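Welcome aboard, and please have your viewer ready. We will go from selection to selection, with a short stop at each.

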Amino acid sequence: MKDVIRLAVPAHEEFRHVANLVVGGLGARLALTYENLDDLQTGLDALLARREDDGEITVEIEVSHDTVRSTVGPFPDGRLGDLANDDSQELDLRRVLETVTDSVDVVEGEAGTFVVITKRTAATAGAAG
């Protein structure tokens with residue numbers, strides 16, 4: 001069984017804390033370790049920081065048996081430029097996300113570009129309920 005939480009917030013910096021509160025509450029509910037929760041919030045912050053405009057950004061969090069998968073977007077062209085560069089030695093978005101998550105995927109869809117980050121956790125067994 002998997003749970004899905006979808007949150008749409010304005011893409012302004014002052015609303016990022018709302019997404020972090022949701023992830024924090026989810027982490028408490030799932031009894032995630034501090035390290036797992038911190039990694040998820042760091043990845044989410046890195047992505048949300050790529051949008052600062054009058055639009056809306058969606059965060060969808062899917063919890064299954066042993067993973068937490070977050071889909072964030074849409075991102076306009078150019079906002080994820082360094083995410084496509086696997087060979088960069090700079091501290092860019094890709095390196096941050098690969099450090100704190102287990103996988104990073106960029107998905108193109110009708111609504112725009114979304115980033116999917118996945119974190120494997122042993123503590124997600126409490127998700128059903």
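The tour starts with the sheet and ends at a single residue.

Before you click, note that this is a predicted model, where local features need pLDDT of at least 70, side-chain atom pairs count only at pLDDT 80 or more, and totals for chains, interfaces and linings use all residues. Residues are numbered from 1 along each chain as its sequence is written, and side-chain values use heavy atoms, with hydrogens and water left out.

First, show the strands (DSSP runs of E, at least two residues, numbered from the N terminus, while helices are runs of H or I of at least four). You will see an open sheet of 5 antiparallel strands in the order β1-β2-β3-β5-β4; strands count as paired if DSSP finds at least two bridges between them. At the edges sit β1 (3-10) and β4 (103-109), each pairing on one side only. From one strand to the next, the twist averages 20°; axes are lines fitted to C-alpha atoms, for helices over the stretch in contact, and angles run from 0 to 180 degrees between N-to-C directions.

Next, select residues 34-48. This is helix α2, which packs on the sheet and touches β2, β3 (67-75) and β5 (112-120); contact means heavy atoms within 4.5 Å. The direction of α2 makes about 170° with that of β5.

Now pick β1 together with residues 56-63, which form β2: 8 bridges join these antiparallel strands.

Finally, zoom in on Pro 10, in strand β1. Which residue of β2 is its bridge partner? Look for Glu 56. Pro 10 also touches Phe 15, Gly 55 and Ile 57, among residues more than four places away in sequence. Is Pro 10 buried, partly exposed or exposed? Its relative accessible area is 31%, so Pro 10 is partly exposed (buried is under 20%, exposed over 50%, partly exposed in between, with a 1.4 Å probe and protein chains only). For a last stop, add Arg 51: its C-alpha atom is 9.4 Å from that of Pro 10, with the two residues 41 apart along the chain.
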